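Reader: I have the sequence and the coordinates open side by side, and I would like to go through the packing with you before I set anything up. Could you put them up here as well?

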Amino acid sequence: MKLAGKVAVVTGGGRGLGFAYATALANAGASVVVNDADEQAAKGAVEAIAEAGGTAVAEVGAVGPSEVADRLVGRAVEEFGRLDVLVTNAGVLRDRVLWKMTDDDFDTVIDVHLRGTFTCVRAAVRRMREQGDGGSVVVVGSPAGQRGNFGQTNYSAAKAGIVGMVRTWAMECAKAGIAVNAVIPVAATAMTKTIPAFAPFVEAAELRGEPFPAWLRKGEGFGTPEDVAGLLVFLASDAARGITGQAIGIGGDKLSLWSHPEEVSTAYSDGGWDADAIAAAWATSVGRRPETYGIPAPDAPTA
């Protein structure tokens, strides 16, 4: 995939998955605006990209406010003349169970993930519509937004909302030739390192360079940030112009397509349903096979 002549903005691009995305886009030929709330991380990413022969500039700021979103798009146009690709990766965690989560815990995560995605995509789409030749928007979701996750009311809500916005934006942006998709990544990052089931494997990789076992890469779709980055390059390319409104999972050796919510079971009652009728019918009709929820723990093979 070649992205020569394309210009991309990557939020949260200073480290982890965001850095992998920015690096892969630059390696494919795109000019990249690397955003991060951490100035040192943003500048370090730009230096690494330049050392590898790529083109990038840093734009520091915490996403959420409209002013930051407008500044990111403005920097792309100022430096490189246009904007073709937006990747909204920036995020924070404030994990706590429901009864211990504070208003600030909730608001901080919603502001960065949900509002930050909204303001950045709005600013980018406005510019892409002005240019008149389409573009690609890639927002970053999470399995937590698809299935829920213990202790992540705020994060799960934000990530579910992001995918909901993708479906709406895909319709609204279609006429302008702007593709809008969500990536659902699973990779070894500072965030996933806090998950007890993954922590030993991440630590072994970081300290001793041990590769992730095949059962983890395939069965759980868990790998490195670099394993995810190829999907971002594909979605930024002209080869993916007809793909929009999708939630695409990737991690380790696994590539997947997440389904959108749909009715999986229905029942009918002449004259409608009162509470007694629902109670009588539930276990043998629509409630016969309840939907599962939560992210399953990794299932390591037994010896």
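Reader: Let me start with one residue: does Val85 count as buried or exposed?

Author: Val85 counts as buried because its relative accessibility is 2%, where buried means under 20% relative accessible area, exposed over 50% and partly exposed in between, with a 1.4 Å probe and protein chains only. Please keep in mind that this is a predicted model, in which local features need pLDDT of at least 70 and side-chain atom pairs count only at pLDDT 80 or more, while totals for chains, interfaces and linings use all residues. Residues are numbered from 1 along each chain as its sequence is written, and side-chain values use heavy atoms, with hydrogens and water left out.

Reader: Where does Val85 sit, and which residues does Val85 touch?

Author: Val85 lies in strand S4, residues 85–88; helices (H or I, at least four residues) and strands (E, at least two) are DSSP runs numbered from the N terminus. Leaving aside residues up to four places away in sequence, Val85 touches Val7, Ala8, Val9, Met128, Ser136 and Ala236, with contact meaning heavy atoms within 4.5 Å.

Reader: Ala236 caught my eye, so which helix is that in, and what is buried there?

Author: Ala236 belongs to H9, where the buried residues are Pro225, Val228, Ala229, Leu231, Leu232, Val233, Leu235 and Ala236. Those buried residues pack against H1, S4, strand S5 (135–140), strand S6 (178–185) and strand S7 (247–251).

Reader: How do H1 and H9 pack, in terms of angle and axes?

Author: Their axes are 8 Å apart and the angle is about 50°, the axes being lines fitted to C-alpha atoms, for helices over the stretch in contact, with angles running from 0 to 180 degrees between N-to-C directions. H1 and H9 are therefore oblique to each other, given that angles under 35 degrees count as roughly parallel, over 145 as roughly antiparallel, 65 to 115 as roughly perpendicular and the rest as oblique.

Reader: And which residues make that contact of H1 with H9?

Author: From H1 come Gly16, Leu17, Ala20, Tyr21, Ala24 and Leu25, and they meet Pro225, Glu226, Val228, Ala229, Leu232, Val233 and Ala236 of H9. By class, that contact divides into 11 nonpolar, 1 polar and 1 charged residues, with Ala, Val, Leu, Ile, Met, Phe, Trp, Tyr, Cys and Pro taken as nonpolar, Asp, Glu, Lys and Arg as charged, and the others, Gly among them, as polar.

Reader: How many residues of H1 are buried?

Author: H1 is mostly covered, with 9 of its 12 residues buried, including Leu17, Ala20, Tyr21, Ala24 and Leu25. Just after H1, Gly29 adopts a positive phi of about 110°.

Reader: Changing topic, how do the axes of H4 and H6 run?

Author: The axes of H4 (residues 103–131) and H6 (residues 153–173) come within 8 Å and cross at roughly 15°, and these two helices are therefore roughly parallel to each other. Their contact comprises 14 nonpolar, 5 polar and 2 charged residues, and among the H4 residues that meet H6 are Phe106, Ile110, His113 and Phe118.

Reader: Last one, on a charged residue: why does Lys6 count as buried, and what does Lys6 touch?

Author: Lys6 counts as buried because its relative accessibility is 14%, and its place is in the segment before strand S1 (7–11). Beyond residues up to four places away in sequence, Lys6 touches Ala30, Ser31, Asp84, Ala236, Ser237 and Asp238.
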